[in-house]
Amino acid sequence: MLALDPDLAQQIVSRTMTIIGCNVNVMNAEGIIIASGQSDRIGVIHEGALLVLAQSRVVDIDEATACRLQGVQPGVNLPLHNQGQLVGVIGLTGQPAEMHRFGELVGMAAEMLIEQTRLSRLLLRDIRFKEDLVLELIRAEVLDQRLLDWARALEIDPLQPRVVAVIEVDSGELALDEAFQERERLRSMLLVPERHNLLAVVSPTELVVLKAVQEREGGWDLASHRDRVWQLLERVKTQSRLNIRIALGHYFPGQGGLARSYRTATASLRVGKQRQAEAPAYFYQDMVLPVLLEGLHDSWQAAELMRPVMALRAGDAKGHLQQTLMAWVACDMQPLRTAQRLGIHRNTLEYRMGRISALTGLDLNLGDDRLLLYAAVQLDSTRDAR
């Protein structure tokens, strides 16, 4: 049952008065006028409404009766019901004989608006509860009984395999109301029923989506999720004025999997923006090492890994060796591709790599030393991504 509030009551008054052209009052379950076409009557006890509430029937008020009752003018007063309960009264000011021809229709229309409002509020409440649950799930290392019961009360399977995507929203120069409408359109695109997505707003610029996955021999269909990301980006490009970036995390089965998936998605977004600022989509699977190293910042491990790069930087005032090292890493440490990328002779590349080896103290013919230098470069590239 929905209790009448002044805003809803005023909607009823405004809509009704545009149709029937007489004053309309709405009284709450205590008989107090909470909305009226005559604003000076708001807050007054309507004794005619008290009769309606006491007897649960239509009450006519003529001139003589109006003189004997407080806060009353001639007219017709009808009960308003919601879910079988009496929630208020609607009164039409005028001669009862004339108002009766509107009364039943007005009462029915008012009750329909009350029920529509009740259902809308239930839907919004359900959406809020689901969003709150999503925010809990992406932070929970263990699904305790409280979360399990909460999810099932919302008819959500908390154990369904899911992967997390994070969406960064940029509304640009749009006005607040326009930006809100565009974000709602984006929500509609994401909440396609057959996808079984769950959605939550993390901040005004960030959405998180829990996407259902199909497990296949312990794995998941990454390719189809990549395709869906690009399909969504194309739809947003053609149907919305928002600019968005999407980062897809990794799928982790079992307890705490959503929390880990969320962390990989947010880290992928940070690292991806730093490495490819103009790209609209980032996938954890394409940058596993940089994302994992991103979590080491400000640790003693990071300081140790960074020592070779810091030594190289100190001995390379013009930056040629650092540029060469970055190209070498980008070319998967293949000399021919690196030389071609830099536009230099193989002998020049060998000389530079020798200087890099001397400054860093690493033997780049050894697998472990190559890995250390590669990891140091990747860590250095993510330092500004936080």
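Leu174 sits in the loop that joins strand E6 to helix H6 (176-190). The model is a predicted one, and in it this loop residue meets parts of the chain that lie well outside its own stretch of sequence. Leu174 and Arg241 are separated by 67 residues in sequence, yet their C-alpha atoms are 8.4 Å apart in space. When neighbours within four places in sequence are set aside, the contacts of Leu174 are Ala179, Glu182, Arg241 and Leu242.

The strand before this loop, E6, belongs to an open sheet of five strands, arranged in the order E7-E8-E6-E11-E12 with mixed pairing. Strand E7 (198-203) and strand E12 (281-283) form the edges; each has a single partner strand, so one side of each has no neighbour in the sheet. On average, and with direction ignored, neighbouring strands of the sheet are turned by 20 degrees against each other.

Within the sheet, E6 can be followed to one of its partners. Strand E6 covers residues 162-170 and strand E11 covers residues 243-248, and the two pair in the antiparallel sense over six bridges. In E6 and E11 the reader can look for Ala165, which stands opposite Leu248 in E11.

Helix H8, residues 257-275, packs on this sheet. Helix H8 touches E6, E7, E8, E11 and E12, and its direction makes about 35 degrees with that of E6. A second helix, H4 (residues 96-137), lies across E7 and strand E8 (206-212). Helix H4 runs at about 75 degrees to E7.

H4 also has a helix as a packing partner. Helix H1, made of residues 6-20, packs with H4 at an angle of about 145 degrees, and the two axes are 10 Å apart. The crossing of H1 past H4 is right-handed. From H1, the residues that take part are Leu8, Gln11, Ile12, Arg15, Thr16 and Ile20; in H4 they meet Phe102, Val106, Ala110, Leu113, Ile114, Thr117 and Arg121. Sorted by class, this contact of H1 with H4 holds eight nonpolar, three polar and two charged residues.

H4 and E7 come up again at the largest pocket, since each supplies at least two residues of its lining. The volume of this pocket is about 330 Å³. Its lining is made of 14 residues, and those nearest the centre are Lys130, Leu191, Asn197, Leu198 and Leu199. H4 gives the largest share of the lining, five residues. By class, the lining of the largest pocket divides into seven nonpolar, two polar and five charged residues.

Enclosed space is a separate matter. How many cavities of 30 Å³ or more does a search of the whole structure find? The search finds one, and the largest cavity has a volume of about 40 Å³. Its lining consists of Asn25, Arg41, His46, Val72, Gln73, Pro74, Gly75, Val76, Asn77, Gly91, Leu92 and Thr93. Strand E4 (75-82) and strand E5 (85-93) are the elements that give two or more residues to this lining. By class, the lining of the largest cavity has four nonpolar, seven polar and one charged residues.

Conventions. Residues are numbered from 1 along each chain as its sequence is written. This is a predicted model: local features need pLDDT of at least 70, side-chain atom pairs count only at pLDDT 80 or more; totals for chains, interfaces and linings use all residues. Side-chain values use heavy atoms; hydrogens and water are left out. Two strands pair if DSSP finds at least two bridges between them. Helices (H or I, at least four residues) and strands (E, at least two) are DSSP runs, numbered from the N terminus. Axes are lines fitted to C-alpha atoms, for helices over the stretch in contact, and angles run from 0 to 180 degrees between N-to-C directions. Contact means heavy atoms within 4.5 Å. On a 1 Å grid over the protein atoms alone, a cavity is a set of points where a 1.4 Å probe fits but cannot get out, and a pocket is an open set with protein on both sides within 12 Å along at least five of seven lines; lining residues have an atom within 4 Å of a point. Grid points are joined across faces, edges and corners, and a volume is the space filled by probe spheres set on the points. Ala, Val, Leu, Ile, Met, Phe, Trp, Tyr, Cys and Pro count as nonpolar, Asp, Glu, Lys and Arg as charged, and the others, Gly among them, as polar. A crossing is left-handed if the near helix is turned anticlockwise from the far one by less than a right angle, and right-handed if clockwise.
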